[in-house]
Amino acid sequence: MFPGQGVQRRGMGADLFDRFPETVAAAAEVLGYSIRDLCLENDGGRLSLTTFAQPAVYVVNALALQAHRETAPSPHVAIGHSLGEYNALHAAGVFDFAEGLKLVKARARATACVSGAMLAVVGLSRQQVDDVLNTTGRTEVHIANFNSARQLVLSGPAGEIDAVHPALELAGARLTQRLRVNGPFHSPHMAPAAEQFEPAVQAASLEAPAIPVVANLTARPHRASSMRSALVQHLTSPVLWKQSMEWLWQEYEGPKRSAAEQDGRSREALHITELGSGKVLMRLMRHLRSEYMTGTT
């Protein structure tokens, strides 16, 4: 499991760059600059920019995968949140490290051309958020991430995102927080970026995944026949993270069982490892697991 843009921070990957100098050199050849210097020596300013943040996260995620593979068994399935989906595809052998980084570089350049903002909303259901957007007439604001039943992310023009804050809080949101991104990701506003990105996707060398890769777009495994179109649609469509994790549990653990039916066993049948900077997805997963087992919608 791989995180996406937003986890970037100064110092990430510090324990990995010297372990895998060939991969770091390959990244520099694709990018034209040192990813090591960007993450370790910069004041953090460039890491906040989409053009640099997306390649940095992809590289650090890939280095974490390389380290993990030295001791861990081969995975049965891969998943990534937003940008992290490219690392999941790399882990499944859809493309090699350099080819994936070329795609991420092109994606970063395309999406950097579209300005906007994203807002995390905690404590409201999808219906409640939809009601707020409809009532306030904020038609330019869209739900971009379905992270859990009560954790959604909105995407849209910065002014519209800022303007909807009071109404969300009045509706009972426990938290409304701007994300560390400067674009309206996973919304129709990214249509120009998708159009710019499509030639890079069409030109990329892609193989059928060796293991299932759960797509943010559908909450089901990618199909080789539709992978190129899915990667383009990924930019303008919401991240179905909650639905994806629920599909994983249903597919690999079978029907939900009560505590009594588990015969006292508390260990989850599906072992999930997050690879990359931080453990934001693991924290979210624990919350999602509780929702899943209690049937929260």
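Lys and Arg count as positive and Asp and Glu as negative, while His and the chain ends are not counted. The place of each charge is taken as NZ of Lys, CZ of Arg, CG of Asp or CD of Glu. With that in hand, the chain has 28 positive and 28 negative side chains, and the centres of the two sets lie 3 Å apart.

A few ground rules come next. This is a predicted model, in which local features need pLDDT of at least 70 and side-chain atom pairs count only at pLDDT 80 or more, while totals for chains, interfaces and linings use all residues. Residues are numbered from 1 along each chain as its sequence is written, and side-chain values use heavy atoms, with hydrogens and water left out.

**The whole chain**

You can find 11 helices and six strands in the chain. Both kinds of element are DSSP runs numbered from the N terminus: helices are H or I with at least four residues, and strands are E with at least two. Along the principal axes, the C-alpha atoms fill a box of roughly 55 × 50 × 40 Å. A compact globule of 297 residues would have a radius of gyration near 19 Å, and the chain agrees, with 19 Å. That radius is taken over C-alpha atoms, and the globule rule is 2.2 Å times the number of residues to the power 0.38.

How much of the chain is buried? Buried residues make up 52% of the 297 residues; the word means under 20% relative accessible area, with exposed over 50% and partly exposed in between (1.4 Å probe, protein chains only). The chain exposes about 13,400 Å², and carbon and sulfur atoms supply 50% of it. Accessible areas come from the Shrake-Rupley method with a 1.4 Å probe, and for residues only the protein chains shown count as cover.

Contact means heavy atoms within 4.5 Å. Among contacts between residues at least 6 apart in sequence, 77% join residues at least 24 apart.

**A covered helix**

Helix H4 (residues 84-91) is mostly covered, with eight of its eight residues buried. Among them are Tyr86, Leu89 and His90. What covers the buried residues of H4 includes helix H3 (50-69), helix H5 (97-112) and strand E1 (78-79). Just after H4 comes Gly93, with a positive phi of about 80°.

**Four buried residues**

Here are some single residues to look up in the structure.

| Residue | Place | Relative accessible area |
|---|---|---|
| Gln8 | segment before helix H1 (21-31) | 3% |
| His186 | loop between strand E5 (175-178) and H8 | 3% |
| Ala219 | loop between E6 and H9 | 2% |
| Leu284 | helix H11 (residues 280-294) | 9% |

The side chain of Gln8 reaches the backbone nitrogen of Gly6 at 2.5 Å. Not counting residues up to four places away in sequence, Gln8 touches Leu47, Ala53, Val57 and Arg180.

In the two loops, what do the backbone angles show? Phi of His186 is near 55°, a positive value in a residue other than glycine. Ala219, also not a glycine, has a positive phi near 60°.

Which residues does Leu284 contact? Leaving aside neighbours within four places in sequence, Leu284 is in contact with Asn147, Ser148, Gln151 and Trp241. Leu284 and Gln151 are 133 residues apart in sequence and 9.3 Å apart in space, C-alpha to C-alpha.

Key: A polar contact is a pair of N or O atoms within 3.5 Å; within protein, one must be able to donate a hydrogen and the other to accept it, and residues adjacent in sequence count only if both atoms are side-chain atoms.
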